Amino acid sequence: MNISIIQAMIDAIDKPAIFINQQYIIEAVNEHYRNTYPVDIVPGKSQCFRVSHRNSKPCDQCGESCPIKQCKETGRSASEVHVHTTQNGQSYCDILMRPVYDATGELLGYLEILDKLAFASNYPNKGKMIGESKAFKDMLNKINRAAKSDIAVLLQGETGTGKELVSHALHSSSHRANKPFVVIECTGLADTLFESELFGYEKGAFTGATANKKGLVDAAQGGTLFFDEIGDVPLSMQVKLLRLLETQTYRPVGSVQLKQANFRLVCATHKNLLKMVKRGEFRQDLYYRVAGFSIQLPALRERPTDIPLLCNHILNTLPSRKRLHKSALNLLTQYSFPGNIRELKNIIEQAYLLADEEVIYATDLPDSLMADNQESNAVKRILTLEEAEARYLKSIVNNYKGSIDKLANSLGISQRTLYRKLQSHKLKLKS
């Protein structure tokens, strides 16, 4: 393929894009890509990893997964989320890499197209999702793919994993970003309130309805409607919600006039909706309407390398500057965080108040975390050989029904040695 043809192909793409040969050299580049990085890019000389990462070697030799390597191994397109050094500093980019072949099937090189992920950061940044672990990057990739579409998205994850922040990211990265983002808190909303809140009502529809009221569906017109804890929607209301999603129409309470709805649906839950479907607690037809594209949010214990970043991010939001001592950070990275990021925020804010100095020590952390860590360390402590032997023999003698000579033979030792070991560990074989 002629370089001029490749350049024309690159110029026609409305995102940052380059064409890379098999030696990682950039052969063609568009203006969007040039404007992304603060370095001069010379086609035929500049290497992709030097431009985007300031690395001297390809990504896979510097601890990151390289999409070019994936393309080489599979012969197919590949995608990865990387942190690039751009005009605006360290920035997340979703990379799509495609192998390009000529008419005879010979590999010419690779087309790289970038999506800048403005909703995420690998350093403290207000209003953005913070992290750099593989689990975090995998989630960013799914968020970016879903954001470009109007498909209904279901966010699943434990309480405190940041589902509302992800829902904002989906909205802000979509074509509806300049339209309303409306949240419906499903937890604790009674049947009667749910319908009137969702669809609105006409004056005189019920006692106390002294004026017309616009519903949340109407308020979200053209934008995104976010159902937080969709699993808590009353079963009696699920059929009305299903009708709204299927017909994109609704009727305010007390009205006979149908209204047209126009919104993008995003839902979140910490519950297992499929199990609820099997138990008859959630409609199957509604489930397939809300779960067009599912995104599983990782628990904090699944991304421990993100904990230091998140701690710094939380500390940066507090009035005066304080930092975590290494001892405190060690404890936090070993903790399981059943409450996830919400619990981490609570712990850091408590420690911030308890710390008498600019440094937050392990002793400033809440007592509950200290106790949990001591218990965890007791479990994780390496046993001596004598302790391990004692535990093993105890488990055997408590369940073994045979004779002492058979047990000794199974263990590969003499009866005399077995008697001596049982005696030293104060154990007795049950008859």
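A crossing of two helices is called right-handed if the near helix is turned clockwise from the far one by less than a right angle, and left-handed if the turn is anticlockwise. Keep that in mind for the first view of this predicted model.

**View 1. Helix 5 and helix 6 cross in a right-handed way.** The axes of these two helices come within 8 Å and cross at roughly 45°. That makes helix 5 oblique to helix 6. Look for the side chains at the meeting place: Met-139, Ile-143, Ala-146 and Ala-147 belong to helix 5, and they meet Val-166, Ala-169 and Leu-170 of helix 6.

**View 2. Asn-141 is a buried residue of helix 5.** Helix 5 spans residues 134-147, and Asn-141 is part of it. Is Asn-141 buried or exposed? Its relative accessible area is 16%, and buried means under 20%, so Asn-141 counts as buried. Leaving out residues up to four places away in sequence, Asn-141 touches Ser-79, Val-81 and Asp-94.

**View 3. Ala-120 sits in strand 6 and reaches Leu-140.** Strand 6 covers residues 120-121. Ala-120 is buried, with a relative accessible area of 5%. How many residues separate Ala-120 and Leu-140 in sequence? They are 20 residues apart along the chain, while their C-alpha atoms are 7.8 Å apart in space. Besides Leu-140, the contacts of Ala-120 beyond four places in sequence are Tyr-92, Lys-128, Met-129 and Phe-136.

**View 4. Five strands build an open, parallel sheet.** Follow the strands across in the order 9-12-15-8-16. Strand 9 (181-185) and strand 16 (293-296) stand at the edges; each has a single partner strand, so one side of each is left without a neighbour in the sheet. On average, neighbouring strands here are turned by 20° against each other, direction ignored. Helix 6 (residues 163-172) packs on this sheet and touches strand 8, strand 9, strand 12 and strand 15. The direction of helix 6 makes about 155° with that of strand 8.

**View 5. Strand 15 pairs with strand 12 and with strand 8.** What holds such partners together? Strands of a sheet pair through backbone hydrogen bonds. Strand 12 and strand 15 run parallel and share 5 bridges, with Leu-225 opposite Leu-265. Strand 8 joins strand 15 through 4 bridges, also in the parallel sense, and here Leu-154 stands opposite Cys-267. Strand 15 is mostly covered, with 6 of its 6 residues buried. Arg-264, Val-266 and Ala-268 point one way, while Leu-265, Cys-267 and Thr-269 point the other way.

**View 6. Strand 9 pairs with strand 12.** These two strands pair in the parallel sense over 5 bridges. To find your way, spot Glu-185, which stands opposite Asp-228 in strand 12.

**View 7. Helix 7 has five buried residues to find: Phe-194, Glu-195, Ser-196, Leu-198 and Phe-199.** Helix 7 runs over residues 191-199. What covers its buried residues? The cover includes strand 9, strand 10, helix 8, strand 12, helix 9 and strand 13. Just after the helix, Gly-200 takes a positive phi of about 80°.

**View 8. Confidence varies along the predicted protein.** The mean pLDDT is 90, and 96% of the residues reach 70 or more. Where is confidence lowest? Helix 15 (residues 367-380) has that place, at a mean of 58, whereas strand 8 (residues 153-156) has the highest, at 98.

Technical notes: Residues are numbered from 1 along each chain as its sequence is written. Side-chain values use heavy atoms; hydrogens and water are left out. Helices (H or I, at least four residues) and strands (E, at least two) are DSSP runs, numbered from the N terminus. Buried means under 20% relative accessible area, exposed over 50%, partly exposed in between (1.4 Å probe, protein chains only). Contact means heavy atoms within 4.5 Å. pLDDT is the predictor's confidence in each residue, from 0 to 100. Two strands pair if DSSP finds at least two bridges between them. Axes are lines fitted to C-alpha atoms, for helices over the stretch in contact, and angles run from 0 to 180 degrees between N-to-C directions. Angles under 35 degrees count as roughly parallel, over 145 as roughly antiparallel, 65 to 115 as roughly perpendicular and the rest as oblique.
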